[in-house]
Amino acid sequence: MITVVGTGTGAPLPPEALAGAELVVGGRRHLDAAQLPAEAERIVLGPLAPALDTIEEYVGKDRPVVVLASGDPGFFGIVRVLAERFGADRLDVRAGVSSVAAAFARVGLPWDDAVVVSAHGRDPRTAVNVCRAHPKVAVLTGPGSGPAELGAALRHAFGAPPGGSVPVPVPGSASGARVLVVASALGSAGERVERVTPAEAAARDWGPDVSVVLCLDEARVLGGVRTVAGAPAGPAGWALDEREFAHRDSMITKFEVRALALARLGPRLGDLVWDVGAGSGSVAVECARLGAAAVAVEKAADGVERIAANALAHGVHVDVVHGSAPEVLSGLPVPDAVFIGGGGAELPAVVSACALRARRTVVVAMAALDRVPAARAALTRAGFSCDGVLLQSSRLAPLPGDVTRLAATNPVFLLWGTRIPVSDEGVDQ
């Protein structure tokens with residue numbers, strides 16, 4: 001058997017856990033803190049492959065192995081790797097308190113409604129987007145993905161106005177300013193738990209000992225009683241009726257169009273979606289309801305206020321940016337998908353600017369046939385495959401005498417471009 005022991009965030013390592021071990025593998029701080037058997041070989045974890053090879057030699061000879069890990073080794077930990085290599089039936093896992101559970105315990109909060117995301121050894125943009133979208137998030141950190149990097153990415157959405165040409169987000173959505181709880185060296189003599197703003201986190205050198213960062217909207221950290229842990233299951237319905245949103249003179253993406261646009265955008269947890277020419281912000285709000293982070297770009301001041309009010313009404317956070325595309329787009333974080341509404345003379349330039357940044361998909365809605373060729377050409381030039389439809393629906397409408405007629409809505413062209421996966425060159429990471 002390989003005994004895997006979680007330690008470091010709660011009770012000390014019991015001496016019997018190491019009894020009889022002939023090989024002990026773990027991080028340097030775990031090995032230094034443990035009373036190892038005198039005869040045991042010791043391997044400090046660095047690259048996993050050599051350590052796994054040595055473990056295999058001992059296992060092949062039925063010699064006992066102990067692996068020391070942080071907290072709960074089955075929670076984003078080494079249990080997965082060991083089970084894949086040696087089989088789950090060869091593991092005796094003795095879980096400790098996970099760093100996430102310990103961090104929430106230190107601040108006295110439940111965490112059954114928290115979203116947990118790992119940025120350790122991974123692209124941090126997913127963690128950043130989850131923090132943008134959800135009021136209670138725990139981020140497991142790593143080199144290059146620590147409190148400073150998270151704070152730098154989040155400070156413009158939740159705090160200090162950005163400099164230069166970057167637009168100023170407009171407050172007023174359901175999610176308020178975030179606080180970061182930085183938990184360092186949990187369970188050790190040097191443990192620190194500090195509350196900072198994203199801007200304060202970005203300005204500091206945190207060193208190598210950060211275990212986990214909590215990103216919290218403190219106005220909503222308690223939430224309601226949960227039946228299912230983790231991220232919300234998502235809304236029971238989408239493509240909401242236009243009456244669910246405040247809008248001006250019916251200037252809103254109709255629900256039939258929005259339904260297909262959402263299907264092509266594919267908003268999901270960890271994604272960032274732009275809604276450009278947002279109007280009422282209905283697309284941005286729906287993307288946020290489906291778990292994605294959303295940025296709505298709108299040039300009209302009254303539209304900016306309307307989008308913030310719609311986000312608030314639906315209990316989601318949308319970063320609302322007041323400005324004109326394409327000029328205002330250069331300072332925004334890189335999107336996974338983009339929805340473009342409207343269709344003025346600047347449409348080809350807007351589509352081109354969005355296509356240069358989008359990692360996956362661009363969807364364009366237009367009322368004018370004359371705009372379709374230019375929008376399609378802009379997508380294909382940027383390396384997207386392009387498809388589209390003309391959507392023209394007739395809704396049931398009552399007539400006097402308890403009869404029904406069909407009421408036609410205005411036709412809308414919907415184009416969507418999907419990035420051709422030949423190379424990631426030229427796409428911001």
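User: Which residue of S20 stands opposite Val389?

Analyst: Leu414 does. A word on the ground rules: residues are numbered from 1 along each chain as its sequence is written. This is a predicted model, where local features need pLDDT of at least 70, side-chain atom pairs count only at pLDDT 80 or more, and totals for chains, interfaces and linings use all residues, while side-chain values use heavy atoms, without hydrogens and water.

User: What makes S17 and S20 a pair?

Analyst: Two strands pair if DSSP finds at least two bridges between them. S17 and S20 share 8 bridges in the antiparallel sense, so the pairing criterion is met. The names come from DSSP runs numbered from the N terminus: helices are H or I with at least four residues, strands are E with at least two.

User: Which sense does the pairing of S16 with S20 have, and over how many bridges?

Analyst: S16 joins S20 in the antiparallel sense over 6 bridges. Val364 has Leu415 in S20 as its bridge partner. Val364 also stands opposite Ile340, and S15 and S16 run parallel, joined by 4 bridges.

User: Why is S16 called largely enclosed?

Analyst: Buried means under 20% relative accessible area, exposed means over 50%, and partly exposed is in between (1.4 Å probe, protein chains only). In S16, 6 of the 6 residues are buried, so the rest of the structure largely encloses this strand. Both faces are covered: Thr361, Val363 and Ala365 are buried on one side, and Val362, Val364 and Met366 on the other. In general, side chains of a regular strand alternate between the two faces of the sheet. S20 is mostly covered too, with 7 of its 8 residues buried.

User: How do you know that the buried residues of H11 are on the same side?

Analyst: In helix H11 (residues 347-357), the buried residues are Leu347, Val350, Val351, Cys354, Ala355 and Arg357. They cover an arc of only 165 degrees around the axis, and that puts them on the same side of H11. The arc is that of the directions from the helix axis to the C-beta atoms.

User: Which elements do the buried residues of H11 pack against?

Analyst: Strands S12 (272-276), S15 (337-340), S16 (361-366), S17 (384-391) and S20 (412-419), together with helix H12 (372-381). Contact here means heavy atoms within 4.5 Å.

User: What makes S3 and S5 edge strands?

Analyst: S3 (41-44) and S5 (91-94) each pair on one side only. They end an open sheet of 5 strands in the order S3-S2-S4-S1-S5, with parallel pairing. Neighbouring strands of this sheet are turned by 20 degrees against each other on average, direction ignored.

User: Which helices pack on this sheet, and at what angles?

Analyst: Helix H2 (residues 48-60) touches S1 (2-7), S2, S3 and S4 (65-70), with its direction at about 155 degrees to that of S2. Helix H3 (residues 79-86) touches S1, S4 and S5, at about 170 degrees to S5. Axes are lines fitted to C-alpha atoms, for helices over the stretch in contact, and angles run from 0 to 180 degrees between N-to-C directions.

User: How many bridges connect S2 and S3?

Analyst: There are 4, in the parallel sense, with S2 covering residues 23-26. Leu23 stands opposite Glu41 in S3.

User: Why does Glu22 count as buried, partly exposed or exposed?

Analyst: Its relative accessibility is 28%, so Glu22 counts as partly exposed. Glu22 lies in the loop between S1 and S2. Leaving aside neighbours within four places in sequence, its contacts are Glu39, Ala40, Glu41, Tyr58, Arg63 and Pro64. Glu22 and Arg42 are 20 residues apart in sequence and 8.6 Å apart in space, C-alpha to C-alpha.

User: What is the strand order in the sheet that contains S6 and S10, and is its pairing mixed or parallel?

Analyst: The order of this open sheet of 5 strands is S6-S7-S11-S9-S10, and the pairing is mixed. S6 (115-118) and S10 (192-196) are the edge strands, each pairing on one side only. The twist averages 20 degrees from one strand to the next. S9 (residues 178-184) and S10 run antiparallel, joined by 5 bridges, and Leu180 stands opposite Val196 in S10.

User: Which helix lies across S6, S7, S9 and S11?

Analyst: Helix H5 (residues 125-133), running at about 165 degrees to S7 (136-140).
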